[in-house]
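Reader: Hey, got a minute to walk me through this one? I'd like the broad picture before the details.
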Amino acid sequence: MLQNKLVYCLIINETKLDDSFPNAQFEVSDYTLHRLDRDDKGGGTVVYMRSDIHHGQTTVLSDKKYELIVIECKINSES
């Protein structure tokens, strides 16, 4: 899906990643990778945003119950 640019945004939960997995291992051309890793008890979130969409990661929150990545996007904006 990503290689064919079929989606603007792809979110994957329960990635089970930690800092032993480098970003380069998951990078996809024309997409920006945002990660929220968790500990060895599971969890984790990865967001792929198409690079041609003006966006930025604004918030990352992780605690024992919740994982949250907030991505601010500008779509169809003239500015």
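Reader: So how many helices and strands does the chain come to?
Author: Zero helices and five strands. Keep in mind that this is a predicted model. Going from the N terminus, the order of elements is β-β-β-β-β.

Reader: And what box do the C-alpha atoms fill?
Author: Roughly 45 × 25 × 15 Å, taken along the principal axes.

Reader: How much of the chain counts as buried?
Author: Of its 79 residues, 28% count as buried. The chain exposes about 5,800 Å², and carbon and sulfur atoms supply 49% of that area.

Reader: OK, strands. How do E4 and E5 run, and how many bridges join them?
Author: They run antiparallel, with eight bridges joining E4 (residues 54–62) to E5 (residues 67–74). The two form a hairpin that has four residues between its strands.

Reader: Which residues are bridge partners there? I'd like to find them on screen.
Author: Try His 54, whose bridge partner in E5 is Lys 74. Another to look for is Leu 61, which has Leu 68 as its bridge partner in E5.

Reader: There's a His 55 as well. Where does that one sit?
Author: His 55 is also placed in strand E4.

Reader: Buried or exposed?
Author: His 55 counts as buried because its relative accessible area is 18%, and the cut-off for buried is under 20%.

Reader: What does His 55 touch, leaving out residues up to four places away in sequence?
Author: Its contacts are Thr 32, His 34, Met 49, Arg 50, Ile 71, Glu 72 and Cys 73.

Reader: How far is His 55 from Asp 18?
Author: In space, 24 Å from C-alpha to C-alpha; in sequence, 37 residues.

Reader: Switching to the inside. Which residues make up the largest nonpolar core?
Author: There are seven: Leu 2, Val 7, Leu 17, Tyr 31, Leu 33, Val 46 and Tyr 48. The elements giving two or more residues to this core are strand E2 (31–36) and strand E3 (45–50).

Reader: Pick one of those for me. What does Leu 33 touch?
Author: Leu 33 touches Asn 23, Phe 26, Val 46, Val 47 and Tyr 48, again with residues up to four places away in sequence left out. Val 46 and Tyr 48 are in the core list you just had.

Reader: You said "largest". What's in the second core?
Author: The second core is separate and has six residues, among them Leu 36, Met 49, Ile 53 and Ile 71. Met 49 and Ile 71 also turned up as contacts of His 55.

Reader: What about contacts between residues 24 or more positions apart?
Author: They account for 44% of the chain's contacts with a separation of 6 or more.

Reader: And charges, how many of each?
Author: The chain has 9 positive and 13 negative side chains, and the centres of the two sets lie 4 Å apart.

Reader: Last thing, backbone. What's phi at Lys 5?
Author: Near 55°, which is a positive value in a residue other than glycine. Most residues other than glycine have a negative phi.

Reader: Where is Lys 5, and how exposed?
Author: Lys 5 is in the segment before strand E1 (9–13). With 38% relative accessibility, it counts as partly exposed.

Reader: And what about Lys 16?
Author: Lys 16 isn't a glycine either, and its phi is positive, about 60°. You'll find Lys 16 in the loop between E1 and E2.

Conventions. Residues are numbered from 1 along each chain as its sequence is written. This is a predicted model: local features need pLDDT of at least 70, side-chain atom pairs count only at pLDDT 80 or more; totals for chains, interfaces and linings use all residues. Side-chain values use heavy atoms; hydrogens and water are left out. Two strands pair if DSSP finds at least two bridges between them. A nonpolar core is a set of buried Ala, Val, Leu, Ile, Met, Phe, Trp, Tyr and Cys residues joined through side-chain atoms within 4.5 Å. Buried means under 20% relative accessible area, exposed over 50%, partly exposed in between (1.4 Å probe, protein chains only). Contact means heavy atoms within 4.5 Å. Accessible areas come from the Shrake-Rupley method with a 1.4 Å probe; for residues, only the protein chains shown count as cover. Lys and Arg count as positive and Asp and Glu as negative; His and the chain ends are not counted. The place of a charge is taken as NZ of Lys, CZ of Arg, CG of Asp or CD of Glu.
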